[in-house]
Amino acid sequence: MIDICTISLTETATLKIDKKEVMRYLRTKEMDEGLNAIYEACVKRIYEVASPKAVYKKFNINVLDNIVDFGFMKVNSKDLAKNLKDCNEAYAFAATLGIGADRTFDRLNRVSQTEATVFSAVASSLIESFCDYVNERLIDGLSSKPRFSAGYGDFSLEHQRDILSNLEADKRLGIFLTESYMMVPVKSVTAIIGIRS
Amino acid sequence: MDILSYMKKGFVFFDGGMGTQLQLNGLKAGQSPETWNITHPEIITAIHKSYFEAGANIATTNTFGANPLKIDNTDEVVARAIENAKRAIYDKHQYVALDIGPTGKLLKPLGDLSFEDAYDAFATVVKAGASRGCDLIIIETMNDTYELKAAVLAAKENSSLPVFATFVLDEKGKTVTGCDIQAMVALLEGLGVDALGVNCSLGADELKRFVPELIKYSSVPVIVNPNAGMPYVVDGKTCYDSTPERFSSSVFEIAQMGARILGGCCGTTPEHIRLLTKALNGVTPKDIVKKNHTVVSSYSNACFFNNKVVLIGERINPTGKPKLKTALKENNLDYMVKEAIGQEEKGAHMLDVNVGLPEINEEEMLVNVIKEIQAVSSLPLQIDSSNPKALDSAMRIYNGKPLVNSVNGKEESLNSVLPLVKKYGGVVIALTLDENGIPNTAEGRVEIAEKIINRAKEYGIDKKDIIVDPLCLTVSSDKNAPSITLKSIELLKKIDVKVSLGISNVSFGLPSRDYVNSVFFSHALLMGLDAVIMNPYSLEMMKVYYAHNALMGIDDMCQDYISFASNNQASSVSTETEQITLERAIIKGLKKEAREITKDLIQIIEPLEIVNNHIIPALDTVGANYENGITFLPQLLMSAETATVAFEVVKENIKGEGNTNKGDIILATVKGDIHDIGKNIVKVILQNYGYNVHDLGKDVSPDTILKYAEKTGIKLIGLSALMTTTVPSMEETIRLVKSKHSDIRFMVGGAVLNPEYAQMIGADNYSKDAMESVRYAQEVFGN
């Protein structure tokens, strides 16, 4: 087993927020002046309150039929097995924007649903952007598979608990799981990245 | 010699990591380390012994995850763990600490564990350990102030053992839930822990940076138990872990900074501890200096009473505020939350919370309002009540070290309030009145202040935790009242006590009260006032505050003043009204314009006419555009919120004429689901269309919904669920309610639902969006 490693970004502004993606999350085709002002304010706000952090570990894996064995968990999933075909190793990572984004969202949610909705979309774009950053850092020239998360296809959401607990994501990143398998902070992601042999 | 006496003599050493040692002995990843207390007691004892032999004084029991939220047999595990540790003792000055780690869950409102359940989990561990001969309790690796408070209360209320507490910092020097060192120290000292500090997460090299701040604020011994380190990357730069040699030399430096209790956390071994204890052998630790800070805190930050006067927002207090009274009677917590956010945005440093009304249950309401406000505002709160039971419950669930308003010189008050301040840790406002009323001399008031300070001392409350309010009577009924108050402040500052004042009372009965208040405030500031309870919306008061700081040289380069002045200039210039209609303002989502236009219209048109001929048609246009894919959700919401602003202006002018309520609807996000944006969107739109929405919030149990429906007789319930994992609780809610009241109808929505799924779980309507819920409500109520 390879050692665990954490990544923090204190310079969040290096992460890009994709306006087109935000508009897609909002299911809107246009941004007039008023909405754009809210968008700009939310972008400014998320850069202030986000504290992107990730933790990752590399595992030797064994794929047999539909079972993927990570050592710390065995996953019965056709889709994940297909994704990890030809892989002997995989990264598991967890990433989050931190609880500050949740607090800001909760506050906006009490004052203005427009601002809360736009803020949430902007934060989603930022966590995606951070995951891309982490992903790139991990594969670093290796040939890898697209990242795959618990909850995709038949990769059961219940494995979220195994992944988070193996990475000690509560202690290292402050990611917690509720009884109904929701991650807090909301803008958190876990994923598996297969490395081609 | 007990641990507290031993601690006074010199350094105390904790052991190092348990997990790494267990893995060396064969513990597999994913196995519970706690079960090894039962299956491999000899290995556990041997590990403890190896740390004692390395020079550690404290063996930390192998009970980090032994709380009942993680394992089923807490009592047995704790009992065996303590036995295993005690068996390792072979010399004097070797102690056993009952180890309490976090629950692994995040507390409400961000997470789904209640404060009370967290307390119960910790209390179970404490009860299991307290009677079995351990020497102290160590609460460690804590990330969250609220969970930490639950743990410390559980430890202190269920044992008489010394309590040590350590928390985890990230590379920015904050906990992952956003609390800084000053606020952590304020909270823990308030709760009366015997030692406090940090552990885990970072290595000694990184933690070193934060130790001076811990020492600067803490009056109790400081603990530092770093990790051996692990690889981590900050902004692209990779750093690595430390060897026992590196570790011990870094911790040596930490000791020289003034930390007294030292040891290791993850990855540290007996060798780390051996080198550390060897390095510090014969070194005399720094003295522990008692600090004199008057400080309160919230979940994230501390507020100090020094230098700049602390502005305490007075708006959440029903006295003389009919709207707030109505909100309290209707259990409209949104009103209080908005009032809190508004005052924060105006620049308040703290908020007073008073919900005392004869016709409501003050204890329950105070708890609920504080829970709501501390979920959205990081300002520390001043808990304001004359009911000791309400104070007790509110101080208990407050997420930080509170300011308590108030105690006075009456026996009854001293005896009921001071014990609470001692127990929960707080700063208390002391009013200078007693059984004989308010003395009409400054000297008389100071005398009562001194009496309160002395009585507090008997309870173990420091003078620094008392802020005297010398009271201010109305100038219109007693022309000498203000000068007595000012004189009192002067005398109180001479006996070196902090002073606060509720300012607004001075102008009672006078016109343009702001003028009088602000000048009086300015005079009081010159006397040395430390805090003021005031209205942050008052521009006159804020002018005094910023100008005073600039003039007294406590506003560096006058930056705060300049920013205050420029903000206020900007707002007075931008009042030119554009020539647009109310309809257009709503369609374009222009709130400010909508408010102004509605105010103008109300002078010439009947209120209901504005609603029917201007607001509703605009909403219909927006709704139709949305349904036809011409506009989208954000625009719909902006319009809805703009309409809400217009409605508010209209409502203020209706004065009891006509009933605009089209029907009552319950909305809730189901149990297990802690996200409620979808529900809130539906709420705004339904309110726009004239429905009276009873919002029960998020994570609401089926039973709560049933009881509320029965109490109110409401026949339409809207439920939202975001995840497949929470749809079952939606189904359960519908089944429960319908089994008793088949005439109640349900509309449901949420990302994972569809019409078939909705029908399958027994809902009457699937609302694909907010507009559909309006349609369905119109169908149900026939309007």
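In the predicted model, the side chain of B:R132 reaches the backbone oxygen of B:A128 at 2.7 Å. B:R132 is placed in the loop that runs between helix 6 (115-130) and strand 4 (136-142) of chain B. With a relative accessibility of 32%, B:R132 counts as partly exposed. Apart from neighbours within four places in sequence, the residues in contact with B:R132 are B:D75, B:A79, B:I82 and B:K86. B:S406 lies 274 residues from B:R132 in sequence, and the two C-alpha atoms are 40 Å apart in space.

Two further loop residues of chain B were examined. B:K208 sits in the loop between helix 9 (204-207) and helix 10 (211-217). Its relative accessibility is 18%, and B:K208 therefore counts as buried, the cut-off for this class being under 20%. When residues up to four places away in sequence are not counted, B:K208 touches B:S250, B:E253, B:I254 and B:M257. B:D434 belongs to the loop between strand 17 (427-431) and helix 18 (442-458) of chain B. B:D434 is buried but has no salt bridge. The nearest side chain of opposite charge is that of B:K451, at 4.6 Å, whereas a salt bridge requires the nitrogen and the carboxyl oxygen to be within 4 Å. A polar atom of the B:D434 side chain does, however, lie 2.9 Å from the backbone nitrogen of B:N436. Contacts of B:D434 beyond four places in sequence are with B:G409, B:K410 and B:I448.

Helix 25 of chain B comprises 21 residues (607-627). At 1.5 Å a residue this helix should span 30 Å, and its end C-alpha atoms are 28 Å apart, so the expected and modelled spans agree. Helix 25 has a kink of about 30 degrees at B:I615, shortly before the proline B:P617. The buried residues of this helix are B:P607, B:I610, B:V611, B:H614, B:I615, B:I616, B:A618, B:L619, B:V622, B:G623, B:N625 and B:Y626; the kinked position B:I615 is thus itself buried. Residues three or four places apart in an α-helix point the same way, because there are 3.6 residues a turn. The cover over the buried residues of helix 25 includes helix 23 (582-588), helix 24 (591-604), helix 26 (633-654), helix 27 (677-688) and helix 31 (770-781), which also belong to chain B. Just after helix 25, B:G629 adopts a positive phi of about 75 degrees.

Side chains of opposite charge can pair when their charged atoms come close. Over all chains, the structure holds 46 salt bridges. One of them involves helix 26 of chain B, where B:E652 pairs with B:K323; the closest N and O atoms of this pair are 3.6 Å apart. B:K323 is in helix 13 (residues 322-329), and the pair links distant parts of the chain, 329 residues apart. B:E652 is partly exposed, with a relative accessible area of 49%. A salt bridge within a single helix is formed by B:K543 and B:E540, with a closest N to O distance of 3.3 Å. These two residues are 3 residues apart in helix 21 (residues 539-551) of chain B, and are therefore separated by about one helical turn. Both are partly exposed, B:K543 with a relative accessible area of 37% and B:E540 with one of 24%. A network of salt bridges links A:R110 with B:D334, B:E372, B:D676, B:K679, B:K683 and B:D695.

In chain A, A:E89 forms a salt bridge with A:K58, the closest N and O atoms being separated by 3.7 Å. This pair also links distant parts of the chain: A:E89 is in strand 6 (residues 87-96) and A:K58 in strand 2 (residues 53-60), 31 residues apart. A:E89 counts as partly exposed at 25% relative accessibility, while A:K58 counts as buried at 16%. Strand 6 of chain A also holds A:N88, which is partly exposed at 47% relative accessibility. The side chain of A:N88 makes a polar contact with the side chain of A:S197 at 3.1 Å. Beyond its neighbours within four places in sequence, A:N88 is in contact with A:F59, A:N60, A:I61, A:I195 and A:S197. A:G194 is 106 residues from A:N88 along the chain, and their C-alpha atoms are separated by 8.0 Å.

Methods: Residues numbered from 1 in each chain as written. Chains lettered and ligands numbered in written order. Predicted model: local features only at pLDDT ≥ 70, side-chain atom pairs only at ≥ 80, totals over all residues. Heavy atoms only, no water. Helix = DSSP H or I, 4+ residues; strand = E, 2+ residues; numbered from the N terminus. Expected span 1.5 Å × (residues − 1). Bend = angle between axes of the 7 residues up to and from the residue. Buried < 20%, exposed > 50% of the residue type's maximum accessible area, 1.4 Å probe, protein only. Contact = heavy atoms within 4.5 Å. Lys, Arg positive; Asp, Glu negative; His and termini not counted. Polar contact = N/O pair within 3.5 Å; in protein donor to acceptor, adjacent residues only side chain to side chain.
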